[in-house]
Amino acid sequence: MEGARPFSVVSSTSTSRSNLRLAYNKSLPQSFSLLTSNSNVPSPLKSSKKPHKRTERNPIPRTPKLNSEVSPHRAASAVRLLRIEQGGAFADLLNEKCGGNGEGEMGYVQRTLGFRTRALDDRDIRLVTDIVGGTVRWRRYLDHLIMSVCIEERMFRDMEPLLLQILRVGFYEIIKLNMPSYAVVDENVKLAKAALRPGAGNLVNAIMRKLLLLKETESLPLPAVEGDDRARARALAIIHSHPVWMVRRWIRFLGQEEAIRLMNWNNRDPCFSLRVNSGNGFTIADLVKKLQDLKVPYERSTVLHEFLRIQTGMQTVIQAGLLKEGMCSVQDESAGLVVSVVDPQPGETIIDCCAAPGGKTLFMASRLKGQGMVRAIDINKGRLRILKETARSHKLDSVIAAVHTDIRLYVDKKTTEADKVLLDAPCSGLGVLSKRADLRWNRHLEDLERLKNLQDELLDAASLLVKPGGVLVYSTCSIDHEENEERIAAFLHRHPEFVLQPVDGYVPPDFVTRDGFYSSSPIKHWMDGSFAARLVRSLG
Ligand SMILES: C[S@@+](CC[C@H](N)C(=O)[O-])C[C@H]1O[C@@H](n2cnc3c(N)ncnc32)[C@H](O)[C@@H]1O
């Protein structure tokens, strides 16, 4: 086996450049060299190739060999990032199955890399969560750095997917987590060697050494924010790691300063809120006591008495089983305030038109105090199943009836007249980008057009379920006026039988807009962005 020197500092850029070229050539399998290849030779680094191809003669053993050299959190992070990019996972918190027994998270590691690492301990799990979330958020910026130390753009573009993820992890650890550089390089080199081949380890070594040199000399490349709108947005999109279209849109509607504040919020580690589940008889004091026992720092919500905020320790909460036991739910205060706009009262019939996975359904049901009914409708069977299971575990199933259907078809068959109808519409999710690290890369400008049409159709359908004098609440977790205020203006134009009722008195004054809507903003309220409008149907 070819041995890579784990780490040594180079003295000049030109030396580092020729070292990198050498490492790159050597990293390629025999008889392939990018620098001498003709373009018809299939590249082993093309992203369509599987990183670790096994043949029938070389199958993955049932219990792969333990590799105790590779750090498990880096292996798990790189594999999870690979799965996220290929659409097989989200950048959310890990569940508790992280053992080295081939189940859950580590099962993917074994199947992808072909070897086992030791099991993830609690610290590793926290690290994987932080590294994966952070690396996904900072992807554009990290790629800009990686690309800038590659010999040529093609080297970056043709990089095999697993190698790219290993580099992203290493760059994130050095640049954003400020982890000890020598250890990070050494560990990522080991991972690349074990997961790919020795030459890949050499390449990681050479690329990361170049990064360290740039960091040590404070010469990390950053684009200048100058030129026309598009050029400035492109530069800001790299610096703050967002898609260009979002940056342009926010600069246009919020101004550059606010747009940057919003991107800074989206790039922070997310803050989570917990809502105590009173349906199971728990009180906020019980939840406080539990968090104190677990040494998880918390803050009481200033806007909703059932809620607590935690900045760190979410993984501890999950592992202690607080969610599974039904003591509390993870729910942002911004979503809780939408329920305040609905204002459910005991005895009422409420229809939740887009209910799954049930965050708002459950909170509304808990406010009914055992009297009345929430009809929870959703088109997605899998998500509705989660809603039903949670309703059972929260002992709220007696006041929740789940219905699997398209709301647009449901209204054709029903003459139901509800006291209140909530339409928590499918939306771009532009208000929740801090929690959904991967969402910014999966959303496109064209989605907005499609979503607006759907939102209009769903609003028309939902409106048919409201009794005379009843209330229709339209909500989104978007901060985009085209999905919010504009949808309501268009609806009121089509439906003169509804009038807008200002949300004063239902939510704190700071959340009421000039036009009487509910709106939470990450940069104003330090919580997710969301929107709601309260519409009342005339009696006639
Ligand atoms: C924003 S999510 C709802 C979140 C939910 N209210 C909560 O608080 O947990 C939107 C939901 O709308 C559902 N949906 C989309 N189109 C629908 C339709 N035509 N009829 C019913 N549900 C629909 C999706 O399946 C998705 O679960």
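In this predicted model, the largest nonpolar core comprises 64 residues, and those with the most contacts inside it are V341, C353, V421, L423, L472, Y474 and A532. Helix α15, spanning residues 333–342, provides the largest share of this core, with 6 residues. A second core, separate from that one, holds 51 residues and includes V169, V185, A200 and V204. In soluble globular proteins, nonpolar side chains tend to be buried together. For V421, when its neighbours within four places in sequence are left aside, the contacts are with I351, C353, A462, L465, V466 and L472.

For the protein chain as a whole, 22 helices and 12 strands are assigned, and 45% of the 540 residues count as buried. Among the contacts in the protein chain with a separation of 6 or more, 72% are between residues 24 or more positions apart.

Several parallel strand pairings involve β5, β6, β7 and β8. Strand β5, residues 349–352, pairs with strand β6, residues 373–378, in the parallel sense over 4 bridges; within this pairing T349 has M373 of β6 as its bridge partner, and I350 stands opposite V374. Strand β5 also runs parallel to strand β8, residues 418–424, to which it is joined by 3 bridges, and here the partner of I350 is K420. I350 is thus bridged to V374 in β6 and to K420 in β8. Strand β6 in turn pairs in the parallel sense with strand β7, residues 400–404, over 5 bridges, with A376 facing A402 as its bridge partner in β7. The chain passes from β6 to β7 through helix α17, residues 381–393, in a β-α-β crossover that is right-handed. A right-handed β-α-β unit is likewise made by β5, helix α16 (residues 359–367) and β6. Of the 6 residues of β6, 5 are buried, and the strand is accordingly mostly covered.

Helix α16, which belongs to the β-α-β unit with β5 and β6, is largely enclosed by the rest of the structure, because 9 of its 9 residues are buried. The buried residues of α16 include G359, K360 and T361 at one end of the list and S366 and R367 at the other, with L362, F363, M364 and A365 between them. Just after α16, K369 adopts a positive phi of about 55°.

The loop between β5 and α16 contains A356, which counts as buried because it has 24 C-beta neighbours inside 10 Å, the threshold for burial being 20 or more. Apart from its neighbours within four places in sequence, A356 is in contact with D378, N380, R383, L384, I386 and L387. Of these contacts, D378 falls within β6, which spans residues 373–378, whereas R383, L384, I386 and L387 fall within helix α17, residues 381–393. A356 and E497, which are 141 residues apart in sequence, are separated by 28 Å in space, C-alpha to C-alpha.

The surroundings of the ligand draw on this part of the chain. Of the 19 residues around the ligand, those that come nearest are C354, G359, K360, N380 and D424. Two of these nearest residues, G359 and K360, are also buried residues of α16, and N380 is also one of the contacts of A356. At least two residues of the shell are supplied by each of α16, β6 and α18 (407–413). By residue class, the shell around the ligand divides into 10 nonpolar, 3 polar and 6 charged residues.

An antiparallel arrangement is found elsewhere in the chain, in an open sheet of 4 strands with the order β2-β3-β1-β4. Its edge strands are β2 (299–300) and β4 (328–330), each of which pairs on one side only. Strand β2 pairs with strand β3, residues 307–310, in the antiparallel sense over 2 bridges, and in this pairing E299 has R309 of β3 as its bridge partner.

Methods:
Residues are numbered from 1 along each chain as its sequence is written. This is a predicted model: local features need pLDDT of at least 70, side-chain atom pairs count only at pLDDT 80 or more; totals for chains, interfaces and linings use all residues. Two strands pair if DSSP finds at least two bridges between them. A crossover is right-handed if, with the strands pointing away from the viewer, the path from the first strand over the helix to the second runs clockwise. A residue is buried if 20 or more other C-beta atoms lie within 10 Å of its own, exposed if 12 or fewer, and partly exposed in between; C-beta atoms are placed from the backbone. Two residues are in contact if their C-beta atoms, placed from the backbone, lie within 7 Å. A residue is near a molecule or strand if its C-beta atom, placed from the backbone, lies within 6 Å of it. Ala, Val, Leu, Ile, Met, Phe, Trp, Tyr, Cys and Pro count as nonpolar, Asp, Glu, Lys and Arg as charged, and the others, Gly among them, as polar. A nonpolar core is a set of buried Ala, Val, Leu, Ile, Met, Phe, Trp, Tyr and Cys residues joined through C-beta atoms within 7 Å.
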